[in-house]
Amino acid sequence: MPTAEELDVEAIRADFPVLDRRVGDSDLVYLDNAATTQTPEPVIDAITEYYREYNANVHRGLHQLSQEASIAYEEAHDTVAEFIGADGREEVVFTANTTMAENLVAYAWGLNNLEPGDEVVLTQMEHHASLVTWQQIAERTGATVRYIRVDDAGRLDMDHAREIVGPDTAMASIVHVSNVLGTINPVAELADMVHEQDGLIFVDGAQAVPNRPVDVAAIDADFYAFSGHKMAGPTGIGVLYGKERLLESMEPFLYGGEMIEKVTYEDSRWNELPWKFEAGTPPIAQAVALDRAIEYLESIGMDRIAAHENSIAQYAIEQLHAMEGVTVYGPPAGAERGGLVAFSLDTVHAHDIASIVNDHGVAIRAGDHCTQPLHDTLGIAATARASFYVYNRREEVDALIEALDAAREIFA
Ligand SMILES: Cc1ncc(COP(=O)(O)O)c(C=O)c1O
């Protein structure tokens, strides 16, 4: 893996106009990237170019603008397919976000295929997008939800996984990189385990695709999802990857225009993939911008981005451990992890931490990060989370630590 030093962070920062912002009397230190990343100039340009030059609805127009928009929109599917190792655009469905991708599969596959006796396997570290969705679909279908335990080091207990994945496992929905613990889960190994039992696996890649190379074929994921707004792209677009034969076999999730091939007063026939799952006017500007975001990330190199984030996260862990009364969650220092660190201070509530560091221009997140059951397991209602991206530098971790010192003093 190339070293993080090879990344020219200052040159990258110059691409992100918002990073020049001031917050009160301080320079902005943006450490809330696991929630949403900032947007580089080329992506902003892609959006404005679209609205200035070829804004039109796709697929159904014969005029020039519609043709240009259609080509750009369709080609964005090809870019995504290549980026994640899918076979082609048939396997790439644009959704609103990861949550909608999860719901699409839960409704379109889950409702029609799960039955009493089936088991849906989740992990204790699932985001609510996965956990709540499958909980609801299991309740409706009579299936049972089981959870793979997280051990004290913040990793999945793979012995427990081997215990609970069995002949009744119909679907497993597993987070690739935890948005709280930073743990990188062995999703390929879990996919093998589930496939041996003839089950399917959905991988939630919301915190993986933005910052490391991901190859859905190498993982052998049946479904894989992520969001544009966490990878230097726009809000309003997410991706559902699905193996072609599975998507073919599924009923549509939403009905309406664009997703049909033929409609009569009596009945309708569905469009081909991926359009069968993209009812209504799709996120066209967002798709064009996501295409550009991928081009931007690839020009830096996904392996270098992963190394950079891991290195900043390790530095943050070291600095946090050097403070008194800090608990850091997730795998121990030194273990490779996603670029985020959740922590708590013994004397200051997470919400107070976030609010006080904001007075120093530092943006972090506090709360349960859409993982209430995981927080119950950790024995704490809320944690603070600093999360990093390609443009963050070590000095920003130092700024966070200084701001945390100030918070501790206030509550001393
Ligand atoms: C692991 C994980 N899964 C799913 C989501 C949901 O993403 P979105 O809100 O874009 O649907 C998030 C967002 O924070 C996440 O971190």
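**Exercises on a predicted model**

UniProt, in an unreviewed entry, lists residues 29-400 as "domain: Aminotransferase class V". The structure used in these exercises is a predicted model.

**Exercise 1.** Describe the listed range by its helix and strand content and by the distance between its ends.

Solution. Start with the range itself, which the UniProt record gives as residues 29-400. Next, take the secondary structure: over residues 29-400 the chain is 41% helix and 17% strand. Last, compare the two ends, whose C-alpha atoms are 8 Å apart.

**Exercise 2.** Locate the ligand and describe the residues that surround it.

Solution. First, find the site: the ligand occupies the largest pocket. Then count the shell, taking residues with a heavy atom within 4 Å. There are 13 residues around the ligand, and the closest are Thr99, Asp204, Ser227, His229 and Lys230. Finally, sort the shell by class, which gives 8 polar, 3 nonpolar and 2 charged residues.

**Exercise 3.** Which N or O atoms of Thr98, Thr99 and Ser227 lie opposite oxygen atoms of the ligand, and at what distances?

Solution. Apply a limit of 3.5 Å for a pair of N or O atoms. For Thr99, a side-chain N or O atom is 2.6 Å from a ligand oxygen. In Ser227 the partner is again an N or O atom of the side chain, at 2.7 Å from an oxygen of the ligand. Thr98 contributes a polar backbone atom, 3.3 Å from a ligand oxygen. As for burial, the ligand taken alone exposes 400 Å², and the protein buries 88% of that.

**Exercise 4.** Where in the chain are the cis peptide bond at Pro274 and the positive phi of Asp198?

Solution. Take the peptide bond first: Leu273 and Pro274 are joined in cis, with omega about 0 degrees. Pro274 belongs to the loop between strand S12 (268-270) and helix H10 (284-300). Now turn to Asp198, which is not a glycine yet has a positive phi of about 65 degrees. Asp198 is found in the loop between helix H7 (187-196) and strand S8 (200-204).

Notes:
Residues are numbered from 1 along each chain as its sequence is written. This is a predicted model: local features need pLDDT of at least 70, side-chain atom pairs count only at pLDDT 80 or more; totals for chains, interfaces and linings use all residues. Side-chain values use heavy atoms; hydrogens and water are left out. A polar contact is a pair of N or O atoms within 3.5 Å; within protein, one must be able to donate a hydrogen and the other to accept it, and residues adjacent in sequence count only if both atoms are side-chain atoms. Accessible areas come from the Shrake-Rupley method with a 1.4 Å probe; for residues, only the protein chains shown count as cover. Ala, Val, Leu, Ile, Met, Phe, Trp, Tyr, Cys and Pro count as nonpolar, Asp, Glu, Lys and Arg as charged, and the others, Gly among them, as polar. UniProt positions are given in the numbering used here, feature names are shortened, and annotations may be inferred rather than shown by experiment. Helices (H or I, at least four residues) and strands (E, at least two) are DSSP runs, numbered from the N terminus.
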